[in-house]
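Work through the exercises below with the sequence and the model side by side. Each task is followed by a solution in steps.

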Amino acid sequence: MKKKGFTLIELLAVIVILGIITVIAVPKVLDIINKSKESASNSSIKLVKDAIKTQIASSELTNSIFIKETDGCYLFNFDDQTSGNAKALEIKNKDKVTGKISYCNGEFQGNIYFNKVIPKPKSFSSDTWNTIVENVKVGNLSKYNVGDTKEIDMGEYGTHTLRIANTSTPDECKTEGFSETACGFVIEFADIITNHVMNSTSMNSVGWKGSEMRTFVNSTIYDALPNDLKNIIIDTVVVSKSSNLDTSTDKLYLPAVTEVWSNNSEDPATNLTRQFDYYKNIGVNKSNCSGAIKKYNGSNATWWIRTIDRDFYNRYAYAYSSGNYYENDSTGQLGVSPAFRIGQN
């Protein structure tokens with residue numbers, strides 16, 4: 001007896017039916033998988049929170065192993081598990097937990113994540129700011145090297161170049177009273193944005209903290225930055241010196257003499273900060289200063305430094321067009337080229 005096979009019409013019908021089943025079934029299967037992952041993640045986060053509550057309640061009855069913030073809350077920073085409360089918690093699989101959360105009077109504030117997917121980095125110049133900051137938070141800097149640059153559009157101020165100035169956090173950064181300005185992932189402008197006075201009156205006794213320049217860069221210049229960049233800039237404790245110790249908390253700040261030209265007696269706060277990795281790597285100092293040259297509208301130009309002149313009441317330091325540094329009356333219209341940090345406080 002002769003066997004009969006499937007006709008082309010029948011085969012096509014089967015393929016169409018299978019295609020319809022696939023279209024209907026695959027999204028449902030993927031949805032089930034995603035919901036399972038989300039449920040597992042939420043369960044893991046709940047376990048972490050339960051561990052926090054249980055151990056805090058237990059330790060407060062005996063001898064607390066956790067550090068309280070000034071507001072009385074317990075901060076758990078899982079992006080930095082080398083110190084602080086996140087380390088003291090000693091949870092299992094803690095390398096899979098990211099984010100920062102506070103425990104205040106029985107309530108949690110902030111967010112933590114379990115198995116959060118970090119976008120793969122390609123390069124500093126091409127990656128989005130979100131990709132860059134997520135990789136900075138977990139210490140994945142394989143694609144981000146000191147000296148790498150990236151352009152940003154600042155609207156009326158035009159297009160400007162940013163440069164990775166620092167990526168290291170040596171032990172000295174953790175000492176009390178040390179400036180955070182050259183610690184962690186620091187980005188600086190590789191060129192000059194505009195010109196502005198340090199102060200409209202001829203004085204430096206107000207230091208960096210009381211200067212008109214500080215207000216200008218943390219308002220006008222900061223506001224001109226792209227929103228996705230502004231969202232990831234963190235607060236920085238800026239230590240300088242005027243008549244007394246000069247400490248402020250800023251988004252943007254000007255570098256100090258020591259941060260560009262290394263330790264120098266002409267910087268009153270030289271022992272309270274360190275040289276940016278970028279300038280250290282290329283050997284910038286008082287006698288080798290070409291690496292500190294920055295341009296304004298395509299030409300070498302002068303730019304302000306936040307360090308006061310210890311010998312004159314009205315002068316601040318500035319970088320000359322040759323890259324060396326001198327002092328100028330605070331009323332001078334010199335270049336503005338700030339730095340800032342991204343990552344995790």
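## Exercise 1: A buried charged pair

Glu188 and Arg163 are both buried. The model they belong to is a predicted one.

Task: Find what links the side chains of Glu188 and Arg163, and state which strands they come from.

Solution.
- Step 1. A salt bridge connects the two side chains, with an N to O distance of 2.8 Å. The cut-off for a salt bridge is within 4 Å, so the pair qualifies.
- Step 2. Glu188 belongs to strand 6 and Arg163 to strand 5 (residues 159–166), so the contact ties together parts that are 25 residues apart in sequence.
- Step 3. Arg163, Glu188 and Lys294 are joined into one network by salt bridges that share partners.

## Exercise 2: The sheet around strand 17

Task: Give the strand order of the open sheet of 5 strands, then place strand 17 by its bridges and its cover.

Solution.
- Step 1. The order is 4-5-6-17-8, and the pairing is antiparallel.
- Step 2. Strand 4 (149–153) and strand 8 (233–234) are the edge strands, since each pairs on one side only.
- Step 3. Strand 17 (residues 339–342) is joined to strand 8 by 2 bridges, and the two run antiparallel. The partners in strand 17 are Arg341 for Ile234 and Ile342 for Ile233.
- Step 4. Strand 6 (residues 186–189) is joined to strand 17 by 3 bridges, again antiparallel. Here Glu188, the residue with the salt bridge to Arg163, stands opposite Ala339.
- Step 5. Strand 17 is covered on both faces: Ala339 and Arg341 are buried on one side, and Phe340 and Ile342 are buried on the other.

## Exercise 3: Arg341 and its partner

Task: Which residue forms a salt bridge with Arg341, and is Glu180 buried, partly exposed or exposed?

Solution.
- Step 1. The partner of Arg341 is Glu180, and their closest N and O atoms are 2.9 Å apart.
- Step 2. Arg341 is in strand 17, whereas Glu180 is in the loop between strand 5 and strand 6, so this salt bridge ties together parts that are 161 residues apart in sequence.
- Step 3. Arg341 has a relative accessibility of 10% and therefore counts as buried, the limit being under 20%.
- Step 4. Glu180 has a relative accessible area of 26%, so Glu180 is partly exposed.

## Exercise 4: A second buried pair

Task: State how many salt bridges the whole structure has, then describe the one between Asp277 and Arg274.

Solution.
- Step 1. The search of the whole structure gives 9 salt bridges.
- Step 2. In one of them, the side chains of Asp277 and Arg274 meet at 3.1 Å, N to O.
- Step 3. Asp277 is buried, at a relative accessible area of 8%. Arg274 also counts as buried because its relative accessibility is 8%.

## Exercise 5: A nonpolar surface patch

Task: Which residues form the nonpolar patch on the surface, and where does Ile17 lie?

Solution.
- Step 1. The patch consists of Val14, Ile17, Leu18 and Ile21, which together have about 360 Å² of accessible area.
- Step 2. Ile17 is part of helix 1 (residues 8–61).
- Step 3. With a relative accessible area of 49%, Ile17 is classed as partly exposed, because exposed requires over 50%.

How values were computed
Residues are numbered from 1 along each chain as its sequence is written. This is a predicted model: local features need pLDDT of at least 70, side-chain atom pairs count only at pLDDT 80 or more; totals for chains, interfaces and linings use all residues. Side-chain values use heavy atoms; hydrogens and water are left out. Two strands pair if DSSP finds at least two bridges between them. Helices (H or I, at least four residues) and strands (E, at least two) are DSSP runs, numbered from the N terminus. Buried means under 20% relative accessible area, exposed over 50%, partly exposed in between (1.4 Å probe, protein chains only). Patches are made of residues with over 30% relative accessible area and no salt bridge: like charges are joined within 9 Å, nonpolar side chains (Val, Leu, Ile, Met, Phe, Trp, Tyr) within 5 Å. Accessible areas come from the Shrake-Rupley method with a 1.4 Å probe; for residues, only the protein chains shown count as cover.
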